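Q: Please take a close look at one part of this predicted model: the open sheet, with the salt bridges around it described as well.

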Amino acid sequence: MAKRGKKYQDALKQVDTTKAYAPKEALDLVKKMDFAKFDATVETVFKLNVDTKQADQQLRGAVVLPNGTGKEQTVIVFAKGEKAKDAEAAGADVVGDNDLVQRIQGGWLDFDVAIATPDMMAQVGRLGRVLGPKGLMPNPKTGTVTMDVTKAVTESKAGKVTYRTDRDGNVHVPIGKVSFDADKLLGNLTVIEDTIVRARPASVKGTYVQNVSVASTFGPGVHVDLSQF
(Lines give C-alpha, C1' and ligand atoms only; values in the text may rest on other atoms or scores of the structure.)
Protein backbone atom coordinates (compact mmCIF):
# COMPACT_ATOMS: atom_id res chain seq x y z
CA MET A 1 0.00 0.00 0.00
CA ALA A 2 1.32 3.46 -0.94
CA LYS A 3 2.45 5.63 1.94
CA ARG A 4 -0.05 8.37 2.75
CA GLY A 5 1.03 11.99 2.99
CA LYS A 6 1.19 14.12 6.13
CA LYS A 7 -2.14 15.89 5.45
CA TYR A 8 -3.90 12.54 5.14
CA GLN A 9 -2.28 11.26 8.32
CA ASP A 10 -3.33 14.41 10.19
CA ALA A 11 -6.90 13.99 8.94
CA LEU A 12 -6.95 10.33 9.91
CA LYS A 13 -6.14 11.27 13.53
CA GLN A 14 -9.58 12.89 13.73
CA VAL A 15 -11.38 9.60 12.99
CA ASP A 16 -12.09 6.77 15.39
CA THR A 17 -11.63 3.87 12.95
CA THR A 18 -13.28 1.46 15.39
CA LYS A 19 -16.51 3.48 15.45
CA ALA A 20 -19.52 3.64 13.14
CA TYR A 21 -20.77 7.24 13.13
CA ALA A 22 -24.31 8.50 12.74
CA PRO A 23 -24.77 9.52 9.06
CA LYS A 24 -24.90 13.30 9.70
CA GLU A 25 -21.94 13.12 12.08
CA ALA A 26 -19.93 11.12 9.53
CA LEU A 27 -20.59 13.68 6.81
CA ASP A 28 -19.72 16.61 9.07
CA LEU A 29 -16.42 14.85 9.82
CA VAL A 30 -15.70 14.24 6.12
CA LYS A 31 -16.21 17.97 5.43
CA LYS A 32 -14.04 18.95 8.39
CA MET A 33 -11.16 16.66 7.39
CA ASP A 34 -11.05 17.59 3.71
CA PHE A 35 -7.76 19.19 2.72
CA ALA A 36 -8.04 19.34 -1.09
CA LYS A 37 -7.38 22.66 -2.80
CA PHE A 38 -10.52 22.24 -4.90
CA ASP A 39 -14.16 21.44 -4.24
CA ALA A 40 -13.69 17.72 -3.69
CA THR A 41 -16.30 15.09 -4.43
CA VAL A 42 -17.87 13.22 -1.52
CA GLU A 43 -18.42 9.53 -2.25
CA THR A 44 -20.13 6.71 -0.43
CA VAL A 45 -19.12 3.06 -0.65
CA PHE A 46 -21.47 0.20 0.21
CA LYS A 47 -19.85 -3.18 0.88
CA LEU A 48 -22.48 -5.77 -0.01
CA ASN A 49 -22.75 -9.47 0.73
CA VAL A 50 -23.26 -10.46 -2.90
CA ASP A 51 -21.57 -12.95 -5.22
CA THR A 52 -20.94 -10.97 -8.38
CA LYS A 53 -20.17 -14.18 -10.26
CA GLN A 54 -23.91 -14.81 -10.10
CA ALA A 55 -25.76 -12.74 -12.70
CA ASP A 56 -28.77 -12.15 -10.44
CA GLN A 57 -26.54 -10.68 -7.70
CA GLN A 58 -24.95 -8.02 -9.89
CA LEU A 59 -26.54 -4.67 -9.04
CA ARG A 60 -26.82 -2.01 -11.69
CA GLY A 61 -29.13 0.96 -11.92
CA ALA A 62 -29.53 4.70 -11.65
CA VAL A 63 -31.10 7.18 -9.28
CA VAL A 64 -31.70 10.93 -9.30
CA LEU A 65 -30.15 12.61 -6.27
CA PRO A 66 -32.53 15.17 -4.72
CA ASN A 67 -29.72 17.69 -4.21
CA GLY A 68 -27.73 16.97 -7.36
CA THR A 69 -24.05 16.08 -7.61
CA GLY A 70 -22.56 19.55 -7.80
CA LYS A 71 -21.11 18.69 -11.19
CA GLU A 72 -22.31 20.04 -14.53
CA GLN A 73 -23.01 16.97 -16.66
CA THR A 74 -22.22 17.00 -20.38
CA VAL A 75 -24.94 14.87 -21.99
CA ILE A 76 -24.94 13.46 -25.51
CA VAL A 77 -27.84 11.76 -27.26
CA PHE A 78 -27.88 9.33 -30.17
CA ALA A 79 -31.20 9.97 -31.89
CA LYS A 80 -32.85 10.83 -35.21
CA GLY A 81 -35.76 12.95 -36.37
CA GLU A 82 -38.27 14.13 -33.77
CA LYS A 83 -36.41 12.42 -30.93
CA ALA A 84 -33.27 14.36 -31.83
CA LYS A 85 -35.31 17.58 -31.65
CA ASP A 86 -36.73 16.50 -28.27
CA ALA A 87 -33.21 15.88 -26.94
CA GLU A 88 -32.02 19.30 -28.09
CA ALA A 89 -35.05 20.98 -26.53
CA ALA A 90 -34.39 19.18 -23.23
CA GLY A 91 -30.87 20.61 -23.08
CA ALA A 92 -28.64 17.85 -24.46
CA ASP A 93 -25.17 19.19 -25.23
CA VAL A 94 -24.60 17.15 -28.39
CA VAL A 95 -27.19 15.27 -30.47
CA GLY A 96 -26.47 13.10 -33.50
CA ASP A 97 -26.80 9.70 -35.13
CA ASN A 98 -24.16 8.13 -37.38
CA ASP A 99 -22.12 11.33 -37.38
CA LEU A 100 -21.89 11.19 -33.58
CA VAL A 101 -20.89 7.52 -33.69
CA GLN A 102 -18.09 8.37 -36.12
CA ARG A 103 -16.97 11.31 -33.98
CA ILE A 104 -16.53 9.02 -30.97
CA GLN A 105 -14.80 6.40 -33.10
CA GLY A 106 -12.38 9.19 -33.97
CA GLY A 107 -11.45 9.59 -30.31
CA TRP A 108 -13.83 12.23 -28.93
CA LEU A 109 -14.94 11.37 -25.39
CA ASP A 110 -15.54 14.76 -23.78
CA PHE A 111 -18.88 13.93 -22.16
CA ASP A 112 -20.28 12.43 -18.95
CA VAL A 113 -23.53 10.71 -20.01
CA ALA A 114 -24.56 9.02 -23.26
CA ILE A 115 -28.24 8.40 -24.04
CA ALA A 116 -29.64 6.55 -27.06
CA THR A 117 -33.00 5.68 -28.53
CA PRO A 118 -33.48 1.92 -29.05
CA ASP A 119 -33.37 2.25 -32.85
CA MET A 120 -29.85 3.70 -32.62
CA MET A 121 -28.35 0.84 -30.60
CA ALA A 122 -27.28 -1.17 -33.66
CA GLN A 123 -24.91 1.67 -34.55
CA VAL A 124 -24.04 2.63 -30.98
CA GLY A 125 -23.19 -1.01 -30.25
CA ARG A 126 -20.06 -0.56 -32.36
CA LEU A 127 -18.75 1.75 -29.64
CA GLY A 128 -18.95 -0.89 -26.90
CA ARG A 129 -15.20 -1.38 -26.63
CA VAL A 130 -14.70 2.37 -26.24
CA LEU A 131 -17.64 3.35 -24.04
CA GLY A 132 -18.05 0.14 -22.01
CA PRO A 133 -14.81 0.33 -19.98
CA LYS A 134 -15.52 3.98 -19.17
CA GLY A 135 -19.05 3.26 -17.96
CA LEU A 136 -20.52 5.43 -20.72
CA MET A 137 -22.34 2.81 -22.79
CA PRO A 138 -26.11 3.46 -22.95
CA ASN A 139 -27.99 0.77 -21.04
CA PRO A 140 -31.71 0.14 -20.43
CA LYS A 141 -31.01 -0.66 -16.76
CA THR A 142 -29.77 2.87 -16.15
CA GLY A 143 -32.49 4.51 -18.22
CA THR A 144 -30.07 5.64 -20.93
CA VAL A 145 -31.61 3.53 -23.69
CA THR A 146 -35.09 4.99 -24.00
CA MET A 147 -37.60 6.64 -26.28
CA ASP A 148 -38.27 9.24 -23.58
CA VAL A 149 -35.14 11.25 -24.28
CA THR A 150 -36.65 14.36 -22.69
CA LYS A 151 -36.89 12.64 -19.30
CA ALA A 152 -33.46 11.02 -19.65
CA VAL A 153 -31.72 14.28 -20.48
CA THR A 154 -33.57 16.24 -17.79
CA GLU A 155 -32.73 13.68 -15.09
CA SER A 156 -29.07 13.49 -16.14
CA LYS A 157 -28.77 17.26 -15.96
CA ALA A 158 -30.56 17.30 -12.59
CA GLY A 159 -28.14 14.94 -10.85
CA LYS A 160 -28.81 11.38 -11.94
CA VAL A 161 -26.06 8.95 -10.96
CA THR A 162 -25.50 5.34 -11.93
CA TYR A 163 -24.40 2.58 -9.60
CA ARG A 164 -23.11 -0.94 -10.08
CA THR A 165 -21.29 -3.56 -8.04
CA ASP A 166 -17.59 -4.05 -8.72
CA ARG A 167 -16.13 -7.56 -8.68
CA ASP A 168 -15.66 -7.40 -4.90
CA GLY A 169 -19.30 -6.51 -4.22
CA ASN A 170 -18.70 -2.81 -3.56
CA VAL A 171 -20.90 0.00 -4.86
CA HIS A 172 -19.23 3.42 -5.23
CA VAL A 173 -21.53 6.43 -5.70
CA PRO A 174 -20.80 10.18 -5.60
CA ILE A 175 -23.22 12.07 -3.33
CA GLY A 176 -22.12 15.66 -3.86
CA LYS A 177 -19.31 18.09 -3.12
CA VAL A 178 -17.53 19.09 0.08
CA SER A 179 -19.05 22.56 -0.35
CA PHE A 180 -22.55 21.07 0.10
CA ASP A 181 -24.26 21.48 3.45
CA ALA A 182 -24.11 18.24 5.42
CA ASP A 183 -27.92 18.07 5.29
CA LYS A 184 -27.86 18.04 1.48
CA LEU A 185 -25.22 15.33 1.46
CA LEU A 186 -27.33 13.39 3.95
CA GLY A 187 -30.39 13.71 1.73
CA ASN A 188 -28.46 12.25 -1.21
CA LEU A 189 -26.90 9.51 0.91
CA THR A 190 -30.30 8.49 2.27
CA VAL A 191 -31.70 8.11 -1.25
CA ILE A 192 -28.72 5.96 -2.26
CA GLU A 193 -29.11 3.79 0.83
CA ASP A 194 -32.81 3.30 0.20
CA THR A 195 -32.19 2.47 -3.48
CA ILE A 196 -29.53 -0.12 -2.72
CA VAL A 197 -31.57 -1.75 0.05
CA ARG A 198 -34.59 -2.01 -2.27
CA ALA A 199 -32.38 -3.59 -4.94
CA ARG A 200 -31.40 -6.51 -2.69
CA PRO A 201 -31.27 -9.68 -4.81
CA ALA A 202 -33.74 -12.34 -3.64
CA SER A 203 -31.00 -14.99 -3.58
CA VAL A 204 -28.80 -13.15 -1.05
CA LYS A 205 -28.71 -14.80 2.37
CA GLY A 206 -27.62 -13.27 5.66
CA THR A 207 -26.56 -9.66 6.18
CA TYR A 208 -26.90 -7.83 2.87
CA VAL A 209 -25.19 -4.49 3.61
CA GLN A 210 -22.00 -5.27 5.49
CA ASN A 211 -20.45 -1.84 5.69
CA VAL A 212 -21.01 1.74 4.56
CA SER A 213 -18.42 4.52 4.48
CA VAL A 214 -18.15 8.09 3.23
CA ALA A 215 -15.05 10.02 2.19
CA SER A 216 -13.91 13.01 0.17
CA THR A 217 -11.61 12.66 -2.84
CA PHE A 218 -8.35 12.57 -0.88
CA GLY A 219 -9.63 12.17 2.68
CA PRO A 220 -9.91 9.06 4.86
CA GLY A 221 -13.09 7.04 4.98
CA VAL A 222 -15.58 7.29 7.84
CA HIS A 223 -17.75 4.30 8.74
CA VAL A 224 -21.49 4.97 8.89
CA ASP A 225 -23.90 3.38 11.34
CA LEU A 226 -26.59 1.85 9.11
CA SER A 227 -29.03 1.45 11.99
CA GLN A 228 -29.36 5.24 12.23
CA PHE A 229 -30.62 5.86 8.69
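A: A residue counts as buried under 20% relative accessible area, as exposed over 50%, and as partly exposed in between. D112 has a relative accessibility of 27%, so this residue is partly exposed. The model is a predicted one.

D112 is joined to K71 by a salt bridge, with 3.1 Å between the closest N and O atoms. This pair links distant parts of the chain, 41 residues apart: D112 belongs to the loop between helix 4 and strand 5, and K71 to the loop between strand 2 (60-64) and strand 3. K71, at 46% relative accessibility, is partly exposed.

The sheet itself is open and has three strands in the order 4-3-5, paired in parallel. Strand 4 (94-96) and strand 5 (113-116) are the edge strands; each has a single partner strand, so one side of each has no neighbour in the sheet. On average, neighbouring strands here are turned by 15° against each other, direction ignored. Strand 3 (residues 75-78) and strand 4 run parallel and are joined by three bridges. Within this pairing, I76 lies opposite V94 of strand 4. Helix 4 (residues 98-105) packs on the sheet, where this helix touches strand 3 and strand 4, and its direction makes about 125° with that of strand 3.

A further salt bridge involves the loop between helix 3 and strand 4. There, D93 pairs with K157, and the closest N and O atoms are 2.6 Å apart. This pair too links distant parts of the chain: K157 lies in helix 7 (residues 149-158), D93 in the loop between helix 3 and strand 4, and 64 residues separate them. K157 is partly exposed at 29% relative accessible area, and D93 is partly exposed at 41%.

Helix 3 (residues 81-90) holds a salt bridge of its own, in which the side chains of D86 and K83 meet at 4.0 Å, N to O. Both residues lie in this helix, three residues apart, which is about one turn. D86 has a relative accessible area of 28% and is partly exposed; K83 is partly exposed at 26%.

In the whole structure, a search finds 11 salt bridges. Apart from the pairs described above, K6, D10 and K13 are linked in a network of salt bridges.

Terms used. Residues numbered from 1 in each chain as written. Predicted model: local features only at pLDDT ≥ 70, side-chain atom pairs only at ≥ 80, totals over all residues. Heavy atoms only, no water. Pairing = 2+ DSSP bridges. Helix = DSSP H or I, 4+ residues; strand = E, 2+ residues; numbered from the N terminus. Axes fitted to C-alpha atoms, helices over the stretch in contact; angles between N-to-C directions. Contact = heavy atoms within 4.5 Å. Buried < 20%, exposed > 50% of the residue type's maximum accessible area, 1.4 Å probe, protein only.
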